Amino acid sequence: ESSRKDVHAEAIREKIEEEISDILIFAIEFANIAEIDIAAAIESKMQKNALKYPVEKAKGSSAKYTEL
């Protein structure tokens, strides 16, 4: 709960935004070089996650998918 409040603190928020931007720039550039369709990759991963973490079992749980 504390970390959720921290991300709204102006001093920390700018640093977080810069770090996220750096990560996204690197990831997008890597995807472009590797000719990865980002939208398709995200869709595929979301489908896999839905199978691994069914809502009725995973909601509110931090258990690893093999423990659900």
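This is a short talk on the helices, surface patches and one salt bridge of the structure shown above.

Okay, housekeeping before the fun part. What we have is a predicted model, where local features need pLDDT of at least 70, side-chain atom pairs count only at pLDDT 80 or more, and totals for chains, interfaces and linings use all residues. Residues are numbered from 1 along each chain as its sequence is written, and side-chain values use heavy atoms, with hydrogens and water left out.

Let's start with helix H2, residues 10-33. By helix I mean a DSSP run of H or I with at least four residues; strands would be runs of E with at least two, and the numbering goes from the N terminus. H2 has 24 residues, and from its first C-alpha to its last it reaches 35 Å. That is close to the 34 Å expected at 1.5 Å a residue, where the expected span is 1.5 Å times one less than the number of residues.

Ahead of H2 sits helix H1, residues 2-6, and Ala 9 is in the loop between H1 and H2. Ala 9 counts as partly exposed because its relative accessibility is 31%. For those labels, buried is under 20% relative accessible area, exposed is over 50%, and partly exposed is in between, with a 1.4 Å probe and protein chains only. How far apart are the C-alpha atoms of Ala 9 and Ser 44? They are separated by 35 Å, with the two positions 35 residues apart along the chain.

Now the salt bridge. How many does the structure hold? Just one, and the partners are the side chains of Arg 13 and Glu 17, at 3.3 Å from N to O. The cut-off here is a side-chain nitrogen of Lys or Arg within 4 Å of a carboxyl oxygen of Asp or Glu. Both partners are in H2, four residues apart, so about one turn of the helix. As a reminder, an α-helix has 3.6 residues a turn, so residues three or four places apart point the same way. Arg 13 has a relative accessible area of 37%, so it is partly exposed, and Glu 17 is partly exposed too, at 43%. Looking back along the chain, the C-alpha of Glu 17 is 9.6 Å from that of Val 7, which is 10 residues away in sequence.

On to the patches. Patch members have over 30% relative accessible area and no salt bridge; like charges are joined within 9 Å, and nonpolar side chains (Val, Leu, Ile, Met, Phe, Trp, Tyr) within 5 Å. The areas are Shrake-Rupley with a 1.4 Å probe, and for residues only the protein chains shown count as cover. For charges, Lys and Arg are positive, Asp and Glu are negative, and His and the chain ends are not counted. Each charge is placed at NZ of Lys, CZ of Arg, CG of Asp or CD of Glu.

Which residues form the negative surface patch? They are Glu 10, Glu 14, Glu 18, Glu 19 and Asp 22. Of these, Glu 19 is in H2, and its 48% relative accessibility is why it counts as partly exposed. On the positive side, Lys 45, Lys 48, Lys 52 and Lys 64 gather in a surface patch. Lys 52 is in helix H3, and with 32% relative accessible area Lys 52 is partly exposed.

Then there's the nonpolar patch, about 540 Å², made by Ile 20, Leu 24, Ile 28, Ile 38, Ile 42 and Met 46. H2 and H3 are the elements that give two or more residues to this patch. Ile 38 is in H3, and Ile 38 is partly exposed at 34%.

Last stop, the link between those two helices. Glu 35 lies in the loop between H2 and H3, where H3 covers 38-52. Just after H2, Glu 35 takes a positive phi of about 55°, although Glu 35 is not a glycine. Most residues other than glycine have a negative phi. Is Glu 35 buried or exposed? Its relative accessibility is 72%, so Glu 35 counts as exposed.

One more distance across that link: Ala 27 and Ala 39 are 13 Å apart, C-alpha to C-alpha, and 12 residues apart in sequence. Ala 27 belongs to H2, and at 37% relative accessibility Ala 27 is partly exposed.
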